[in-house]
Amino acid sequence: MTTPSRFALCSSVLCAALACSLAAAPARAQTAPKPPEPATLQAHAEMAKALPFADRQDFEDAMRGFIGTVPDALVPGAGARPAWSMKPYDFLQAAQPADTVNPSLWRQAQLNAIHGLFKVSDRVYQVRGFDLANMTIVEGDASLIVIDPLLTAETARAALALYHQHRPRKPVGTVIYTHGHVDHFGGVKGVVDEADVAAGRVQVIAPAGFMETAVAENILAGNAMSRRSQYQFGTLLAPGARGQVDTGLGKALARGTITLIAPTSSIEKPTETRTIDGVQFVFKLVPGSEAPSEMLMYLPQQRVLNMAEDVTHNMHNLYTIRGAEVRDGNLWSKYIDEARVAFGGEAEVLIAQHHWPTFGSERIVGLLKKQRDMYKFINDQSLRLLNQGYTAAEIAETLRMPASLAREWSARGYYGTLRHNAKGVYQKYLGWYDANPANLDPLPPVEAAKKTMQYMGGADAVVARAREDFAKGEYRWVASAMNQVVHADPANRAARELGADALEQLGYQAEAGTWRSAYLVGAMELRRGVPKVPGGSSLNADTLKAVSNELFFDFLGVRLDAAKAEGKTMVINWHFTDSGQKFVLTLENSALTHVAGRQAEAADANVTLSRATLDAITLKQTSFPEAVRSGQVRVEGDRAKLGELLAMLDTFEPMFPIVEPRAAQPKNQ
């Protein structure tokens, strides 16, 4: 049995870890990035006038408490490529923003390029700029308390080593995960040994529901999220003034080994106080805010409020463009206000697991209020407009942040944006359909594009008109029109190149690092084709711990090719010897379902194995037939039925096209 690598824990990590070789483009194709057009330069000039660039408070806060770093924040990797380095971002040291980068994004990128060990307050330190997220280190009486050990073991190990270069070498006695996104737990084995956790020498604390949600959203739709994340994070782009600049939330994604150690203790109550090695923590659960399982914390002795990822120095995502369930802006806002009421009057420092601290009670309360009101505004005003009959696109085009927030750096859309968050609110409450029957069952993209070309006088006429609009700076429309031409005829080189040129200018103008990356990756793929990326996976023995047997069987159902299963039925019992769990797996009506805690009396086959064996098969350390031959898997009854089931399971192409149509339509319409 071969399980595809689409158990992607964090799809973008997979892409960052791979060496990408682009498909050879036709000799006549223009593949190199182009300079900014006059309309882009004008947009940058207007942005430079609109925001308070003379305000340098964030830079002062980002450097406050600086202790030391290593040159370029270099973290060696397993091979020739480093796991992390800020060297490729030296271009950000220029005094003036590059003319191919939005000046506001340039400022954020400069802030996110600051790296090193920083003292936050007595006993509290942060390593910033060594990964997408921050590692917070709290000094206990006899040990260290590490909060969020970054994305990979390599960067986490380097961050801890940097701390030890400047502070007493205490052992790590506690690891705290603020939430279940991989950039906040993946490096745990870089700071502690799992044997020490098993022996009780190290504790791992996480919010309730951590293991159940840590990878769940990346499993069932993992392949699609993997591909889309390449656009969101720009992992296929080279760093540079015409390439990847910043994600908005942090510089980039580290390469290396993703690990996971299950929590030994969970925070279960809405508010819970614990003393850890002489340091008092007040934990506050905030489930369903930025992550399904998340918590904030306050250190009253140090007067430090850690807002995890619920309050950062930018607008976050209610909807993330890589794809995920829409987050509740109203609930998010309430959690921030609850933290303000409970801790805002006492806290002297506010930190998060991204970006830099905010100092002083008055400024902390001000930041909490602004972030509270930002998410509340997006939620409520989007709902107000949709109740007036506005569509998602109309809401995005209409909404503007209030003047009191529009010039606040912490409310700028570097990661999330007002436009796509507003559309996310619409999606959360009303879904994809705008109630216009013309949009209820329209033609699919390729067929619609071909008819559109016919109505518009053919592709050549469309491209000619689009060139005129491009010269006027109407890049949004040109990108949309060329998308139609390319879907009607993917081989139309003129349309591909003009579409790429339009996307590129939109990327240069984008204030959001995520939008910039999406536009520039799209432009690259129009010019060069879909990249050829070797297979790989972020799945390993550690991350599989967060995949329950129920989720595994759910994913088998997702992989079932309905056309191959047409008219077939079967019932298979599964028994896991190490956990004692039993399942009945049923195929009927081209759907694969399972029931836990049961065994069917008249099953076609009975499969007995350990979860460890299933994991080994999933990781391709062995195959299902080999495990049967070795006795690791025992099959009683009709073995052919099991083989028949495995033959019906689909595999997913990791590099499916996005800016051009698929070569073939899905098998099951």
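Just after helix α10, residue G389 adopts a positive phi of about 95 degrees. The helix that precedes this glycine, α10, comprises residues 361-387, 27 residues in total. From its first C-alpha to its last, α10 reaches 39 Å, close to the 39 Å expected at 1.5 Å a residue.

These features belong to a predicted model, and the confidence of the prediction was examined along the chain. The average pLDDT of the chain is 93, and 94% of the residues score at least 70. Confidence is highest in strand β5, at 99, and lowest in helix α1 (residues 11-17), where the mean is 35. Over residues 1-28 the pLDDT stays under 50. For this stretch the model has 93 contacts beyond four places in sequence. Where pLDDT is low, the predicted coordinates should not be read in detail.

One open sheet is formed by eight strands, in the order β1-β2-β3-β4-β5-β6-β7-β8, with mixed pairing. Its edge strands are β1 (66-68) and β8 (265-267), each of which pairs on one side only. From one strand to the next, the twist averages 25 degrees. Within this sheet, β3 (residues 124-128) and β4 (residues 135-139) pair in the antiparallel sense over four bridges. V127 has M135 of β4 as its bridge partner. Helix α5 (residues 153-166) lies across β1, β2 (116-121), β3, β4, β5 (144-147) and β6 (172-176). Relative to β4, α5 runs at about 40 degrees.

A further open sheet consists of five strands in the order β17-β16-β15-β18-β19, and its pairing is likewise mixed. Here the edges are β17 (591-596) and β19 (634-637), and each pairs on one side only. Neighbouring strands of this sheet are turned by 20 degrees against each other on average, direction ignored. Strand β16 (residues 582-588) is joined to β17 by six bridges, and the two strands run antiparallel. V595 in β17 is the bridge partner of V584. Helix α23 (residues 639-647) lies across β15 (570-576), β16, β17, β18 (605-609) and β19. The direction of α23 is at about 95 degrees to that of β15.

Contacts involving aromatic rings were also examined. With ring centres required to lie within 6.5 Å, the count comes to 21 aromatic pairs. One aromatic cluster is formed by F552, F553, W574, F576, F583 and F624. Among these residues, W574 and F576 fall within the range of β15 (570-576), while F583 falls within that of β16 (residues 582-588). Charged side chains are also placed over aromatic rings. The charged end of R64 sits over the ring of F359, at 3.9 Å from its centre. Similarly, the charged end of R128 sits over the ring of F118, 4.0 Å from the ring centre. R128 lies in the range of β3 (residues 124-128), and F118 lies in that of β2 (116-121).

Note on methods: Residues numbered from 1 in each chain as written. Predicted model: local features only at pLDDT ≥ 70, side-chain atom pairs only at ≥ 80, totals over all residues. Heavy atoms only, no water. Expected span 1.5 Å × (residues − 1). Phe/Tyr/Trp six-rings, centres within 6.5 Å; stacked < 30°, edge-to-face > 60°. Lys NZ or Arg CZ within 6 Å of the ring centre and 35° of its normal. Pairing = 2+ DSSP bridges. Axes fitted to C-alpha atoms, helices over the stretch in contact; angles between N-to-C directions. Contact = heavy atoms within 4.5 Å. pLDDT = per-residue confidence, 0-100.
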